[in-house]
Amino acid sequence: MGGGTKTLTATIVPSNATNQAVTWISTNTGVATVTPGPGLTATITPVAAGTTAIRVTTADGNFQKSCDVLVKPAAGTPRTFTVTPTTFSNPASGGSGRDTINIASNVAWVATVQAGQNWLSTEGATTGTGNGRVILTYTTNTSAARSATVTLKTAANDTTVTVTVNQAAGSAVLELEDTAQLRNVPFTGSNISIKVKSNVRWRITSDAGPWIQFLDTQGNPQTARQGGNDQTVTVRVLPNLATIGRTAKITVETEQTGVTKITRTANVSQSATDFSFNINGLPEPVDAAGGEFALALSGSANYAVSTRNTDWLKIKEAAVEKDSISYAGGTRTFKFLVKGNETGGPRIGYVRVYYGGTLVQTRKVTQTGNQINVQIITPGTIPVNGGTKEVRISGSAKWNIRISADWLRVDKKKAATGAVNDTLITFRAAGKNPSIQPRTATVTVLTKLGKEAASFTLTQDGTFSTVYDKNLFESTSEKGGERTVTVNSEQPWLPTLSEVAAAPAATAELLRVGVSGTDTTLTWLTVNYDREAGPSRYNGTVKIVVKPNKTQLSREALLILKTTNGVALDTVVIKQYNVSGKMTPRAAEVKVTSLTMNRPNVTINGEKNVQLSVAVKPDNATNKNVTWASSDTSIAKVDAKGLVTIGRKKGKVTITATAADGSGVKATSIIDVLIPQANMELSGLKVYATAGQLHLSLPASDDVQIYAVSGALVRSFTAPAGDTSVALPSGIYIVRVGSLTEKVAVE
């Protein structure tokens with residue numbers, strides 16, 4: 001359009017739309033303006049040569065149309081577009097608003113900086129109509145000379161002017177200021193601000209290790225940090241707890257690609273402290289049992305020690321436990337108390353030390369828990385004639401062991417690699433097990449706090465044992481087969497056979513194998529056995545021949561090996577698949593529901609034996625056998641028939657009868673031994689001291705505790721039968737062997 005106004009008209013569809021209102025705008029009012037007229041019309045008024053868009057929008061904003069408008073210079077008015085200067089040359093230092101491009105024009109224009117030249121930018125407007133200017137800004141040049149262009153075009157895109165900007169080559173700058181404060185830093189430490197003056201990226205470090213730190217922009221301490229251009233850096237010098245001064249060097253280096261390496265250094269010196277703080281003998285970690293340790297403090301200024309927020313760490317002053325202490329200088333000693341840890345896991349606490357009102361040390365204290373791990377290395381049982389068993393005991397706390405039976409002893413110990421207090425222990429059976437039944441011993445692992453942390457049971461075979469493949473016996477093919485049980489025994493034995501009925505329950509068939517050694521006891525199973533005649537060896541074999549199963553029911557039988565007087569020794573389960581190769585349900589087993597002890601409470605006043613028995617309910621229980629166990633065999637033992645033999649220690653012991661059918665039903669008898677058999681069984685016991693050693697001569701293995709006259713436990717261990725020597729410092733000791741006590745002087 002030329003110099004006059006123009007009218008635009010909009011049309012709304014449908015023509016009967018409820019809201020016929022619209023709005024008009026010009027995208028470049030420097031070129032043309034728009035004025036709403038009556039109805040859907042608007043008047044366009046040119047301002048200057050150039051282009052703009054006139055947009056009309058419905059009142060609800062849902063519809064919009066536009067019209068591009070080109071305003072030509074007025075007739076008779078010459079079109080002008082002049083740019084000065086077209087070349088700039090600048091030093092390397094850079095700056096803001098350094099240069100200005102002047103535009104003389106009567107048309108619209110736009111200015112654009114060359115892409116990729118980030119060192120050159122503009123301030124303010126880069127577009128205009130008529131006369132104007134573009135202001136240029138440069139960054140500092142630390143490398144080779146460089147140049148870039150600024151392109152200016154008319155809005156009609158019919159005229160282009162290129163301005164060239166040159167910048168001279170530059171060099172990197174790196175200086176340190178305000179470093180005098182780094183010399184003679186007090187021993188209490190300090191935060192010191194220094195200035196880095198630079199025009200490039202840099203990195204600051206020190207050779208001091210952890211006692212010099214640099215705070216980042218968020219205030220977090222770092223052993224090194226990066227920066228760029230001019231910055232203030234906070235140097236943190238930590239307290240010096242040593243009695244000699246220390247020095248270090250801070251180094252700042254440029255680290256920008258293409259820039260020559262520049263290095264600046266500053267020396268740091270810190271005075272020695274006259275304060276000392278020490279907890280003598282405090283290990284890392286502290287054992288779960290805890291302990292008391294000597295705490296010594298000395299200094300000329302006020303000092304304080306605090307364990308607040310850690311309730312298991314205390315400072316003892318004159319036998320009073322405190323969370324904190326403070327004094328106005330001097331030399332003093334206290335007790336640092338670490339209480340026993342009765343939890344399973346470790347724990348961490350902190351001791352904070354202040355001197356001259358400044359926190360100079362935070363001491364971390366770690367304490368182990370009562371967690372003990374037991375791993376039985378050697379599988380199986382101990383042979384009847386004796387043997388060993390290796391067990392690995394490890395844990396976070398120191399520990400000792402207690403063995404419930406005299407027949408099991410510690411043969412040797414060997415430190416193992418791994419966890420704290422990790423030991424490989426070899427347990428040895430003292431000799432042959434004279435009983436036809438296996439015997440057991442419970443090993444209890446105790447922490448120094450006296451807490452039971454773990455226990456395990458070791459078993460020695462009796463004079464009767466069997467060898468057979470359990471899986472093979474319990475998965476006999478429907479085609480039948482032959483199975484063999486090897487029996488090792490020093491007493492006569494006989495096999496019996498019981499069939500486990502299929503569901504629903506049927507009458508079980510129980511037949512005894514004939515003395516002749518051969519008998520067909522079931523229609524589908526034949527038993528043969530051979531046994532030595534004695535008098536001390538009754539080893540033999542039992543051979544079972546299983547016939548083919550052509551029925552839809554699987555088969556199951558129990559081969560029960562007993563003594564000639566009817567005591568059950570072992571039960572072998574035989575299972576056979578049905579004709580389809582599957583196992584079908586058996587008749588329900590009747591479990592034991594209750595056991596009633598004949599003497600639930602017994603008091604011993606010198607008696608040697610007590611016979612216990614139990615009544616089993618219900619009367620039709622499938623398996624009425626029970627097993628017997630003693631909680632402390634040093635007080636009393638019990639055999640397979642419930643006969644209790646009193647030992648040589650006073651105290652209470654629990655005898656437990658447990659149903660053998662796996663029901664878990666138990667009955668107990670508590671035996672209180674007031675007068676044991678100790679005097680007779682401990683004949684030959686000697687306790688004496690020579691040449692700085694305590695000597696023990698024991699007729700049998702026993703628990704030994706050695707106490708100082710103050711009552712503090714010095715040593716606790718299990719001594720084997722025979723002679724044992726223990727090195728001890730000079731002093732008076734109370735030695736307890738079993739239930740006997742002796743006072744001994746070690747010189």
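In what order do the three strands of the open sheet stand, and is their pairing parallel or antiparallel? In this predicted model, the order is β1-β4-β3 and the pairing is antiparallel. The two edge strands, each paired on one side only, are β1 (6-9) and β3 (32-36). On average, and with direction ignored, neighbouring strands of this sheet are turned by 30° against each other. Strands of a sheet pair through backbone hydrogen bonds, in either the parallel or the antiparallel sense.

**Strand pairs**

Within the open sheet, β1 runs antiparallel to strand β4, which covers residues 41-46, and four bridges join the two. Across this pair, L8 stands opposite A42 of β4.

Further along the chain, strand β18 (residues 201-206) has antiparallel pairings with two strands that are described here. With strand β21 (residues 225-228) there are four bridges, and R201 of this pairing faces G228 in β21. With strand β23 (residues 246-254) there are five bridges. Here R203 has E253 of β23 as its bridge partner.

The pairings are set side by side below.

| Strand pair | Sense | Bridges |
|---|---|---|
| β1 and β4 (residues 41-46) | antiparallel | four |
| β18 (residues 201-206) and β21 (residues 225-228) | antiparallel | four |
| β18 and β23 (residues 246-254) | antiparallel | five |

**Two strand residues**

N166 belongs to strand β15, which spans residues 160-167. Its relative accessibility is 26%, so N166 counts as partly exposed; the class lies between the limits of 20% and 50%. Leaving aside residues up to four places away in sequence, N166 touches T87, F88, S89, N90, R146 and S147. N166 and Q491 are 325 residues apart along the chain, and their C-alpha atoms are separated by 114 Å.

T656 belongs to strand β57, which spans residues 651-659. Is T656 buried or exposed? T656 counts as buried because its relative accessibility is 19%, and buried means under 20%. With residues up to four places away in sequence again left out, the contacts of T656 are T627, W628, A629, K666, A667 and T668.

In a regular strand the side chains alternate between the two faces of the sheet. For the two strand residues described here, the accessibility classes are partly exposed for N166 and buried for T656.

How values were computed. Residues numbered from 1 in each chain as written. Predicted model: local features only at pLDDT ≥ 70, side-chain atom pairs only at ≥ 80, totals over all residues. Heavy atoms only, no water. Pairing = 2+ DSSP bridges. Axes fitted to C-alpha atoms, helices over the stretch in contact; angles between N-to-C directions. Buried < 20%, exposed > 50% of the residue type's maximum accessible area, 1.4 Å probe, protein only. Contact = heavy atoms within 4.5 Å.
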